[in-house]
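Let's walk through this structure together, one region at a time. Have the sequence and the 3D view at hand.

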Amino acid sequence: MPSASEKIFIEFGYKRIVRWKEIVSLLGDEVKATTVMQWLLKSRKAIAIRKGLYFLKRPNEWLLEEIEVNPLLVAGNLHPNGIIGYHSAFKCYGVAHSESNVFQVALPKSVKRVKKPFNFQQARYEFYRTDLSFGITSSVIDDVRLKHFSRERILLEGLKVPARFLGIHEFLMSLEGFLWIDFSELMSILNNYPATTISMRLGWLLENNRKRWNVSDSILKTLERNRTESRIYLLKKQTKGNFLV
């Protein structure tokens, strides 16, 4: 019969990261769970990420004194209902133009309070509440499947809140790593962004990437209906020495 520590690795080893509540539920005894986790931490078979959250080392890592935990694994597990969002989602696709030590975690709106930023090793984790009922997919990272924003949601979120993508330049440069976009999905989730300006920005973006993504005329014509007839300047309330968009 496997020991308590072996049970933890058998049950949760594939996830790499385990929660305190999961350990207690598995062992059925909080006192026993505390003793086992203290032993795993002391023997360096596990690492405490924060209170109630642990990283399980693989057997070939047990003798290593220092080990860097993939920040994406942490971001994808900091909250039971959280997912990797915004610029960090670019990293899940391997197309982030610039490296950043900030990792964004999207939480459902049902969460009453947004968690405070959290630091672990060399990474900083920030939390945002948003609607997670659309635009979610997953990828396998370090043999663990993690949920994150889809390509199409990344595109729309970047047009809405470029600051969460390290600015509009970083956002546009990272987008160049996307070889394709699911336009059916894109137009479907666009309904979750009622602001006309988002559709206008999307039209501009697709027109500028028309050849790369093979954007159809019908999509551009659909978005063109939202284009205003009045002039829009790059800088609001400044017409002299300004640029038309």
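We will look at a pair of helices, then a pocket, then a single residue.

This is a predicted model, in which local features need pLDDT of at least 70 and side-chain atom pairs count only at pLDDT 80 or more, while totals for chains, interfaces and linings use all residues. Residues are numbered from 1 along each chain as its sequence is written, and side-chain values use heavy atoms, with hydrogens and water left out.

Start with helix 1 (residues 4–12) and helix 3 (residues 30–42), whose axes come within 9 Å and cross at roughly 80°. The two helices are therefore roughly perpendicular (65 to 115 degrees) to each other. Helix 1 brings Ala-4, Ser-5, Ile-8 and Phe-9 to the contact (heavy atoms within 4.5 Å), and helix 3 brings Lys-32, Val-36, Met-37, Trp-39 and Leu-40. Sorted by class, that makes 7 nonpolar, 1 polar and 1 charged residues.

Now turn to Ile-83, which lies in strand 4 (residues 83–84). Is this residue buried or exposed? Ile-83 is buried (under 20% relative accessible area), with a value of 5%. Setting aside neighbours within four places in sequence, its contacts include Gln-104, Val-105, Leu-132, Ile-136 and Phe-149. Lys-147 and His-148 are also among the contacts of Ile-83.

Lys-147 leads us to the second largest pocket, since Lys-147 is one of the residues nearest its centre, together with Gly-76, Asn-77, Pro-80 and Arg-145. The pocket has a volume of about 390 Å³ and is lined by 20 residues. Strand 9 (144–149) supplies the largest share of that lining, 4 residues, and strand 1 (17–19) supplies at least two. By class, the lining has 10 nonpolar, 5 polar and 5 charged residues.

Key. Axes fitted to C-alpha atoms, helices over the stretch in contact; angles between N-to-C directions. Parallel < 35°, antiparallel > 145°, perpendicular 65-115°, else oblique. Nonpolar A, V, L, I, M, F, W, Y, C, P; charged D, E, K, R; others polar. 1 Å grid on protein atoms, 1.4 Å probe; cavity = no way out; pocket = protein on both sides within 12 Å on 5 of 7 lines; lining within 4 Å. Points joined across faces, edges and corners; volume = space filled by probe spheres on them. Buried < 20%, exposed > 50% of the residue type's maximum accessible area, 1.4 Å probe, protein only.
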